[in-house]
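User: Hi, could you walk me through this one? I'm new to reading structures, so plain words would help.
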Amino acid sequence: MSTDSIPGTARVVIIGGGVIGCSVAYHLTQLGWRDVVLLERHQLTSGTTWHAAGLLTTLRDTEAQTRLAKYTQDLYRRLEAETGQATGVINCGSIQLAKTADKALEMRRGLALAGCFGVEGHEISPAEVKALWPLADVSDLAAAFHFPHDGRVNPTDVTQALAKGARMGGARLIEQMPVTGITTAKGRVTGVVTPAGSITAEIVVNCAGLWAREVGRLAGVNVPLQAAEHYYLISEPIAEVHPLLPILRDPGNSAYIREEAGKIMLGLFEDVAKPWGQPRIPDGFAFGDIPPDWDRMYPHIERAMKRVPRLLASGIKLLFCGPESFTADHNYLMGEAPNLKNFFVAAGFNSLGILSGGGAGYVMSHWIVNGQPPMDVWSVNIRRTYPWQDNDRYLHDRIVETLGIGYQDHWPFRQWRTARDVKKSVLHDRLAAAGACFGESAGWERPNWYARAGQEPSYEYRWGRQNWFGNNAEEHAAVRARVGVFEQSSFAKLLVQGRDAAAVLNRIAAANVEVAIGRCVYTQFLNERGGIEADLTVTRLASDRFLVVTAAFTQTHVEAWIRNHTPGDAFSVVTDVSGAYAMLNVQGPLSRALLSELSTDDFSNVGFPFATAREIRIGYQTVLAVRLTYVGELGWELYVPTPFALPVYDALIEAGRAHGLRHCGYHTLNSLRIEKAYRDWPHDIGPSDSPLEAGLGFCVAWDKPGGFTGREALARLREAGPPARRLLQFVLEDPEPLLYHDEPVYLDGTRVGLTTSAMYGHTLGAAVALGYVNVPAGVAATELEGSRYQIDIEGTRYPARASLSPLYDPKGTRLRA
């Protein structure tokens, strides 16, 4: 333990002295916060930072990760001049190799996206790779991509530079000081406990890396990450190797290669990893390594060495194995805990902590100081996780796949293979018998599409039309022409009740939810900047009881948002009733006829208007029916108490035969909604998008009594004039290409935006997308529709037609039929 005395109080306590903790401390001082204390259990960098490879490669899997990586590069390049501490930055560039045509297509898409964020990259030939890396074997390459401004850094040096910068800004960093407890009161963190005493703190930041899950448990906060073995080898010296050789990223061999002091470092991200550190990390583990498993790793080593054949002859000086922590979805864990105010987490960086460390510190510091992040980071927000993920067996089995996922093919619609069957609807076996091919979301097994008789319900991945494309077309057509049923039991269902429930929800929601009993309201929750934090429905069941329905993956976030925005003296409680109800969504022009055959209730426009809800009887069962649609057709969502689900489903399927009822999966839900231009959170709308930009101004109740969270910011945006960016719907003129998301959009040859989500529109006859475009000054939004757009797909630009209103049924007559 450190002999340094610890302060009795601090504004912020940071737990962990790796690159992330030191970066958070540095950036907090850059924002003017001086009363910052960092506690490190051993020595700075002693967890995983010290053995990191130090790669600085900017093109990542998501926009958030790419932005963090780019900021990090820029920071590290100026940090030495600012602090006087060397960082070991080497501007060597990087090359990503594609062994297959499919990987080349994926990389061309990534290259186009990178350009939107200011990341320079170029496709190069195998011969050009050979010129840049003379020792590399390029005989099996389909393509390669050069990023000239990438580089590498010395992980220990850059962490010490951040630490020095933090100290220069007034922060205090104390080593040999483990945290043994975390104190809380009234749902808020109040400090930490150490062997040297306690520190009272306004804010605590968990940057404990490998130990972040254990530290989270001290506070009652779920931090689902798991350590795994991670390998690299160092060769004997090779004469032709020098520091300016570009980093080779070789996904086809699950490896990266770089120079290391006149030798070659070859790192491995094998497709089947080995978890480490269960049931707990050994006491006293610091600057530690793990005995390498030669038998397991030799096939991976031999394959990866063939990229640089000289390695097969040079010999191995060192095979190093050290632990790195990984998350269940290969995204970071950042942000304020959903269940404990002022307790922040920055951990689970999936072996990418060095290349994202600067950006992570920047985002976290602004989040702490300003109460919200400076950019949209939902993909790494800890509020996407769930308490059930804090399970040793689950994390063990999922991390087997997670470690290597970054070096695998990132297929459209790719599904996780491991740690499945966490949650199953009571109707699961019925759906499987109907041919369901299941995907996973928030632990739920959900039908993505249905196989025909004799067809295997499994994915065959490719960048073109996958094996279920025809199934999707048939399901899509059935809903447009007849009737389809979607099993959506995974949707989160939150009961908000109490005498103040109406006032609480009406303050949180942008729409007016103070409506008559039996009315359903589509609304958004906004942050203080007017950005969209949630997109959901609120149904008033009684004067003091509301049902909030939101997508399964948003449950933690939405539930926390409601709780955190409920005044302490309000009589209003939130209860998760998701498992109490199955949900069958019956949609299509024949839905009224089908339900009328099953029930004596009145389903007419007069008897059951759009956006209303009431109980109906189907056989012996009573269910809640809500007349809504996410596909643009006449339809009802049926919330069926779980004990009633099987008989209601069976009755629906039996009666549906005469009406051409078709089972439909989530892919079809998506292809239908994209034609109707219905927004999808967080792809089309998110925390950085306002309802005005997203075309959702009609949902805003500007004048309701008491206002709503975000109203002031939104009013300022409205007063400033037309938005500088608008969400448009696009349909390609060519029926053959496919769109997915994040394709650059061009207007008259100038890049003006990105697609946000896309699917093939079988009714419209081509790929359809939503996407934001920058609106030129002085140009009315309506003028955008007649402009000449192109969308970049793998380097080729395809003409597209744009519209502010839905291209399918723009007046909404079908859903109100």
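**From one strand to the whole chain**

User: Before we start, what kind of model is this?
Analyst: This is a predicted model, so please keep that in mind as we go through the details.

User: Okay, is strand β14 mostly buried or exposed?
Analyst: Strand β14, which covers residues 255–260, has five buried residues out of six, and it is therefore largely enclosed by the rest of the structure.

User: And how many bridges does β14 make with β15?
Analyst: There are six bridges between β14 and strand β15 (residues 263–268), and the two run antiparallel; within this pairing, Ile257 has Leu266 of β15 as its bridge partner.

User: What sits between those two strands?
Analyst: β14 and β15 form a hairpin with two residues between them, and in that turn Ala261 has a positive phi of about 55°.

User: What about β13, how does that pair with β14?
Analyst: Strand β13 (residues 247–250) pairs with β14 in the antiparallel sense over three bridges, and Leu248 is matched with Ile257 of β14. These strands also form a hairpin, with four residues between them, and Ser254 in the turn has a positive phi of about 55°.

User: Switching topic, how many helices and strands does the chain have?
Analyst: The chain has 18 helices and 37 strands, and 61% of its 817 residues count as buried.

User: What does the radius of gyration tell us?
Analyst: For 817 residues, a compact globule would have a radius of gyration near 28 Å, and the chain's value of 27 Å agrees with that.

How values were computed:
Residues are numbered from 1 along each chain as its sequence is written. This is a predicted model: local features need pLDDT of at least 70, side-chain atom pairs count only at pLDDT 80 or more; totals for chains, interfaces and linings use all residues. Side-chain values use heavy atoms; hydrogens and water are left out. Buried means under 20% relative accessible area, exposed over 50%, partly exposed in between (1.4 Å probe, protein chains only). Two strands pair if DSSP finds at least two bridges between them. The radius of gyration is taken over C-alpha atoms; the globule rule is 2.2 Å times the number of residues to the power 0.38.
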